[in-house]
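Please open the structure in the viewer and keep the selection panel at hand. The tour proceeds by selections, each followed by what is to be found there.

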Amino acid sequence: MVKKGKSSGKRNIERTLQEILRSKYAPSGVYIALVLIYIATNVIVNAVASSRGTIELFGGEIPTTSFAGVFASLSNIMIIFMVVYYEKKGYITSLVLMLVQTPIWLLGIIKRHNIASLPGIFTTFLTIIAITIIYINNVNMDKIQEKLRDQAITDGLTGLPNRFACTEFVNDLIKRGERFTLVSIDINNFKSINDTMGRDAGNKVLIEVSERWKNIADNDITGTLDFITRQGGDEFSLIIRNYKSNEDVMSTIRSYESALVNKVTVDECDFFINASFGYAEFPTDAKDSDALFSCSDAAMYEVKRANSSEHIIRFKPELLSMEHTLEIERDIRNALDNDAMFFCLQPQFDISHKLRGFEVLARMKSVSGDNLPPSEFIPVAEKVGLIDKVDSSVFRKAAMFFGELIKNTGTDVMLSVNVSVRHLMKNDFLEEVSEIIKASGVPAEQIEIEITESIMIDSADKALMCINDIKSMGIKIAIDDFGTGYSSLSYLNKFPADLLKVDKSFIDKMNSSESSKKYVAAIISIGHIMNFGVISEGVEDQDQLDTLSSIGCDYIQGYIWGRPLPPEEAKQLVIADIQSGK
């Protein structure tokens, strides 16, 4: 049984939730700068207010004292900034600074008979009233925002952080490059409790289990830093940090396992609960959040499948092989049979932020209704020979939507569609494209087909014939993920492409590795020499954007300007772009 440990001040879970939201606070360096600017401007105000000199400006002489109001206004602006961005700390600092300043103003009036200081006193008192009103309003707004935040990140039944909070924290840890372990947890045979005792009893069991696990996470019992969340139903996730070895991770998970040893009594009925734990480590087992969740889930499902006395398993690559592939294949076939494939549209912009078009991204749900990430189902579709059917379904649906969009708005933006090598090489591919264009009404010159550069090795001659035929229809050609494969200049020179897409992996490293930056610059240079446009994928921050702009990149695709959008939101973006007249 787990013993209750000492509380560590602010509870670990609450502290972690605040850590997730820490980005809303302005940096401390700006706070110090505001204080220093305020002090400096007030020193200048006192100096010019008591000055008898003049300044020649625009052919006339202006008393130096005239500038006192200018600098006084600037100092008051610094005060307002402090209260707006630093809340209580800024308000208290502002009051102290202004109350310290007031005797100096009074001294100037009484001792030096400097009546020019009199407006400064009234301005100071008015500013105090203004910042007090701002502070009180901010306090009230913060209470409302805190309530909304709690609703957004807290599971209503158990009070634990929810799926959204878990995903946000995982993404934040990955962005910081911090090592951590993600544990997927599923309570065994929980359905039988709901079936036999009813959902109310099942909910009480979930609440009791959550309280036990929350006690462990909140009270530093395990020696690691833990964050426990409820994903939904009887599924939970645990994030473990600050450990030295895999043995520490196992010890922590066993603490949560042992918390279930004692029976759970609900409505005078005893339940003996156990759970399955599967875990994976970032970055050892997976490099991004989707893959990490997939890996930990695969390990957890293996525990349930094995049905042994060992309830904890670490992810191994082979867990994602045959069984997982068969499961996803069933999901893909079900989605195709029921016409349930759908799509999102990720916007593309030129370097001046004018909308160029959209890349079509395939999306699907599993039989259980969960969203399957493309990183899971696309490789399986390729492996089992269904990728051409996935391509066709998504291409057709996106084109029909786009045709209607063009009809209603007259937009001339581009629709960019990924086509696999298998799909491109089908004998009836050209007929299929022609039929889609005719049915949708999308002009051929507004369609761009993306192919990977691997086609240059696999079937270059046949592919070249097909691409030439596509080009003759007026369709544009883009080479996707350029730089990650063969990148033969001799093949590239033969291909009548219009666009090169620089892979995200190079963009990620561009500002931390000089060689990566030079590589991206070289790709852009090669593209321009061959009269190709160049678009960079996965652009996420301003530094990357600035670098790409400086080395001549033509187009941008990435979260900095646009995440994948459902069709209706993409439509609104097009309408806004047309109305803005860009």
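A residue is called buried when its relative accessible area is under 20%. The model shown is a predicted one, and this cut-off is needed at the opening stop.

**Ser210**

Select Ser210, which lies in helix α7, residues 199-218. Is Ser210 buried or exposed? Its relative accessible area is 1%, so Ser210 counts as buried. Now display its surroundings: leaving aside residues up to four places away in sequence, Ser210 touches Thr158, Leu160 and Phe236.

**Thr123**

Move next to helix α4, residues 118-153, and pick Thr123 within it. In contrast to a buried position, Thr123 is partly exposed, with a relative accessibility of 34%. Add Ser73 to the selection and draw a C-alpha to C-alpha distance: the two residues are 8.7 Å apart in space, while 50 residues apart in sequence.

**Helices α5 and α9**

Select residues 163-176 for α5 and residues 289-306 for α9. At what angle do the axes of these helices cross? The crossing angle is roughly 115°, and the axes come within 10 Å of each other. The crossing of α5 with α9 is right-handed. To see the contact, show side chains for Cys166, Thr167, Val170, Asn171 and Ile174 on α5, together with Ser289, Leu292 and Phe293 on α9. Coloured by class, this contact displays 5 nonpolar and 3 polar residues, with no charged ones.

**Helix α19**

Select residues 514-529, the 16 residues of α19. From the first C-alpha to the last, α19 reaches 22 Å, close to the 22 Å expected at 1.5 Å a residue.

Within α19, highlight Ser516, Val520, Ile523, Ile524 and Gly527, which are buried. Why do these residues lie on the same side of α19? They cover an arc of only 95° around the axis, and therefore share that side. Then rotate the view to the other side of α19, where Ser515, Lys518 and Ile529 are exposed.

Return to the buried residues and add what covers them: the cover includes strands β15 (476-482), β16 (499-502) and β17 (533-536). Helices α18 (504-509) and α20 (542-550) are also among the covering elements.

For the last selection, take Asn531, just after α19. A backbone torsion readout there gives a positive phi of about 65°.

Key
Residues are numbered from 1 along each chain as its sequence is written. This is a predicted model: local features need pLDDT of at least 70, side-chain atom pairs count only at pLDDT 80 or more; totals for chains, interfaces and linings use all residues. Side-chain values use heavy atoms; hydrogens and water are left out. Axes are lines fitted to C-alpha atoms, for helices over the stretch in contact, and angles run from 0 to 180 degrees between N-to-C directions. Helices (H or I, at least four residues) and strands (E, at least two) are DSSP runs, numbered from the N terminus. A crossing is left-handed if the near helix is turned anticlockwise from the far one by less than a right angle, and right-handed if clockwise. Contact means heavy atoms within 4.5 Å. Ala, Val, Leu, Ile, Met, Phe, Trp, Tyr, Cys and Pro count as nonpolar, Asp, Glu, Lys and Arg as charged, and the others, Gly among them, as polar. The expected span of a helix is 1.5 Å times one less than its number of residues. Buried means under 20% relative accessible area, exposed over 50%, partly exposed in between (1.4 Å probe, protein chains only). The arc is that of the directions from the helix axis to the C-beta atoms.
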